[in-house]
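The following note is offered to accompany the coordinates. It takes up the backbone first and the packing afterwards.

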Amino acid sequence: MNLQPYIAPTIRRVCQTTANPQRLGRVPVMDAIDGVPVSRLIETHGSPLFVFSEANLREKIRGVRQAFESVYPNVTFAWSYKTNYLNAICRVFHQEGSIAEVVSGFEYEKARHNGIPGNQIIFNGPWKSVESLRRAVSEGAMIQVDNRDEIVALARLAEELQTSIAVGIRVHVDTGTHAVWSKFGFSADDGEALRMMTWTRENTRLRIRGIHCHVGTFMLDAGAYATATKAVVGLAIAAQEAGGALVEYLNLGGGFASHARLHGQYLPPEQATPGFDDYASAICSSIKQGWPEGCPLPKLYLETGRALVDEAGYLISSVVAVKQRRMPDANGALAAYGKGGPTVASAVRAYGKGGVANGLGSTRRNAVVLDAGINILYTTAWYQPSIYPATQTAPGMQPTTVYGCLCMNIDVIREEAALPDLKAGDAVVMHPVGAYNMTQSMQFIAYRPAVVMIDPGRRVHLIRRREVLEDVQGPELVPGHLAETEQPTAAIGRHEP
Amino acid sequence: MTGETDLTRLEDLMLNERGFVFDPNTGESYQVSGTGLLCLRALQRGASIDEVVAQLVTSHDVERITVRCDVDAFLWDLKQLGWL
């Protein structure tokens with residue numbers, strides 16, 4: 001006999017939001033990633049499991065290069081290590097011609113370990129230790145100075161070495177789209193950056209050869225890059241006229257949006273996210289229009305990270321428990337729009353009718369607990385990943401709260417995702433999760449999962465194994481007086497003489 | 001005041017194939033899962049709890065203990081509604 005898949009018997013009161021069970025549409029099943037069945041990935045590598053598509057990584061970097069190289073003669077992309085510094089990921093981008101962009105001595109070491117020579121490393125960040133600067137200088141890295149203290153530190157180093165050091169200077173620009181990132185660099189709007197360039201030229205052995213401006217992150221308005229680029233071009237011309245610098249390169253940083261969806265974002269990513277051509281046009285047109293005629297165009301560096309790696313990353317996870325979540329009597333979602341009045345049930349009760357008692361007098365919502373938590377999905381603080389069932393399930397979507405596995409009430413991956421009825425053991429796939437979740441995840445309560453990469457030939461490669469106890473407690477030291485363990489039960493049973 | 005006569009009997013409920021349940025006494029509507037619909041219909045026919053469980057186990061890929069646990073929780077919900 002052909003047995004049907006089992007879903008528990010459940011009942012929910014219908015309220016405004018669930019009256020039409022078709023309103024949530026259909027969520028497609030994702031039963032394979034790059035042609036490899038999700039069930040096979042779990043069987044081989046366990047759940048949860050991060051999966052990266054090498055084909056998608058290569059497609060993205062080739063796409064963004066094509067967009068820029070078709071409109072500008074001299075462009076180099078630098079892989080943003082902080083977005084994802086798994087060595088396998090970095091090496092894909094390096095194979096595709098990207099140099100490295102790092103923001104700490106640790107990342108610098110990783111880039112060198114991945115075979116990138118110092119002169120192909122862009123060294124960013126608001127703090128660089130003297131030791132890391134010394135190494136970067138000796139290896140010819142492209143240091144982007146962020147603040148006066150760093151200029152002074154580099155000036156001392158140049159005196160000590162009796163040599164000039166070529167650097168770039170980081171600036172910030174008010175693009176009118178969001179709060180200015182004034183944490184980084186010098187203001188290009190009020191003359192601060194120009195003054196520092198001139199001062200540096202007149203008082204140190206540093207030679208400013210580039211200007212760096214990273215306007216922000218997840219920029220949904222490509223026009224912000226046009227504003228920033230015009231300001232940077234203007235600064236380069238002013239600095240040259242003032243004798244402060246001979247600018248050879250412009251670095252417009254990163255910040256291109258991926259197809260992730262921000263909390264509260266109305267339009268779907270397919271409509272809201274600019275294409276690479278939009279960013280390329282905004283930046284390159286602004287340079288070409290503003291750069292003095294007859295002067296060779298400056299080299300252009302770009303450090304985009306999220307837009308190149310986010311969609312290559314998936315997280316497979318499994319349902320470990322199913323719950324019915326009791327929701328507040330008023331419709332919270334509609335209340336936000338001033339329409340969250342009393343429910344039908346409470347109105348009926350007001351007329352002495354309505355035998356609806358206790359929990360079912362309120363709305364209920366499906367809820368599932370997954371075997372992955374927000375400690376490995378740091379970006380869920382800002383973005384809501386799509387969640388797809390990995391197997392064919394019961395028809396009909398329900399608003400579903402998706403909890404993580406942590407013993408913490410804040411561990412909510414999605415407050416409301418459209419999912420079919422699921423049961424313990426069912427697998428789901430979250431996407432896109434490739435940006436920042438590797439580098440910002442924290443070990444907490446459970447071991448972090450394995451990471452695999454699927455190559456274009458559908459071969460699956462383990463690129464980070466699942467953690468084990470020694471990974472967590474390896475750096476720990478136990479003081480001598482605590483080194484000898486004593487069984488608590490023995491201590492309880494022993495009587496003082 | 002809610003009197004005895006206001007309570008809905010199981011057989012009064014109106015069900016459709018997609019799991020939509022209408023309680024004519026209160027005017028409330030409910031959505032049940034496929035197995036929930038199977039349970040409600042069986043109970044309307046006068047089936048015992050053991051018979052409901054057996055029917056689910058026979059037709060679904062699931063252990064009996066799981067079904068028993070879930071059906072008991074479902075019946076508890078129905079009692080909260082005054083249907084049992």
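Where in chain A is Pro432(A) found?

1. Pro432(A) sits in the loop that runs between strand 19 (427–431) and helix 14 (437–440) of chain A. The peptide bond leading into this proline from His431(A) is cis, with omega near -5°. Please bear in mind throughout that the model is predicted.

2. A second cis peptide bond should be noted, from Ser47(A) to Pro48(A), where omega is near 0°. Pro48(A) belongs to the loop between helix 1 (38–45) and strand 4 (49–53) of chain A. As general background, most peptide bonds are trans, and most residues other than glycine have a negative phi.

3. Asp34(A) departs from that pattern in phi, which is positive, near 50°, in a residue other than glycine. Its place is the loop between strand 2 (32–33) and strand 3 (36–37) of chain A. Asp34(A) is classed as partly exposed because 19 other C-beta atoms lie within 10 Å, whereas burial requires 20 or more.

4. Phe218(A) likewise is not a glycine and has a positive phi, of about 50°. This phenylalanine lies in the loop between strand 11 (206–212) and helix 8 (223–241) of chain A. Phe218(A) has 19 C-beta neighbours inside 10 Å and therefore counts as partly exposed.

5. On overall architecture, chain A contains 16 helices and 21 strands. Of its 497 residues, 43% are buried. Among contacts in chain A with a separation of 6 or more, 72% are between residues 24 or more positions apart.

6. The largest nonpolar core comprises 120 residues, and those with the most contacts inside it are Val51(A), Ile121(A), Ile169(A), Val171(A), Val232(A), Leu235(A) and Leu370(A). Helix 8 of chain A supplies the largest share of this core, nine residues. The core lies between domain 1 (22–50 + 312–330 + 362–465) and domain 2 (85–304) of chain A, because both domains give residues to it. In general terms, nonpolar side chains tend to be buried together in soluble globular proteins.

7. Apart from this core lies another, of 15 residues, which include Ile11(A), Leu37(B), Val52(B) and Val53(B).

8. Which residues does Val171(A) contact, leaving aside its neighbours within four places in sequence? They are Gly185(A), Phe186(A), Ser187(A), Ala188(A), Ala193(A), Ile211(A), Cys213(A), Val232(A) and Leu235(A). Two of these partners, Val232(A) and Leu235(A), are themselves listed with Val171(A) among the residues with the most contacts inside the largest core.

Technical notes:
Residues numbered from 1 in each chain as written. Chains lettered and ligands numbered in written order. Predicted model: local features only at pLDDT ≥ 70, side-chain atom pairs only at ≥ 80, totals over all residues. Helix = DSSP H or I, 4+ residues; strand = E, 2+ residues; numbered from the N terminus. Buried ≥ 20, exposed ≤ 12 C-beta atoms within 10 Å, placed from the backbone. Contact = placed C-beta atoms within 7 Å. Core = buried A, V, L, I, M, F, W, Y, C linked by C-beta atoms within 7 Å. Domains from an automatic or database assignment.
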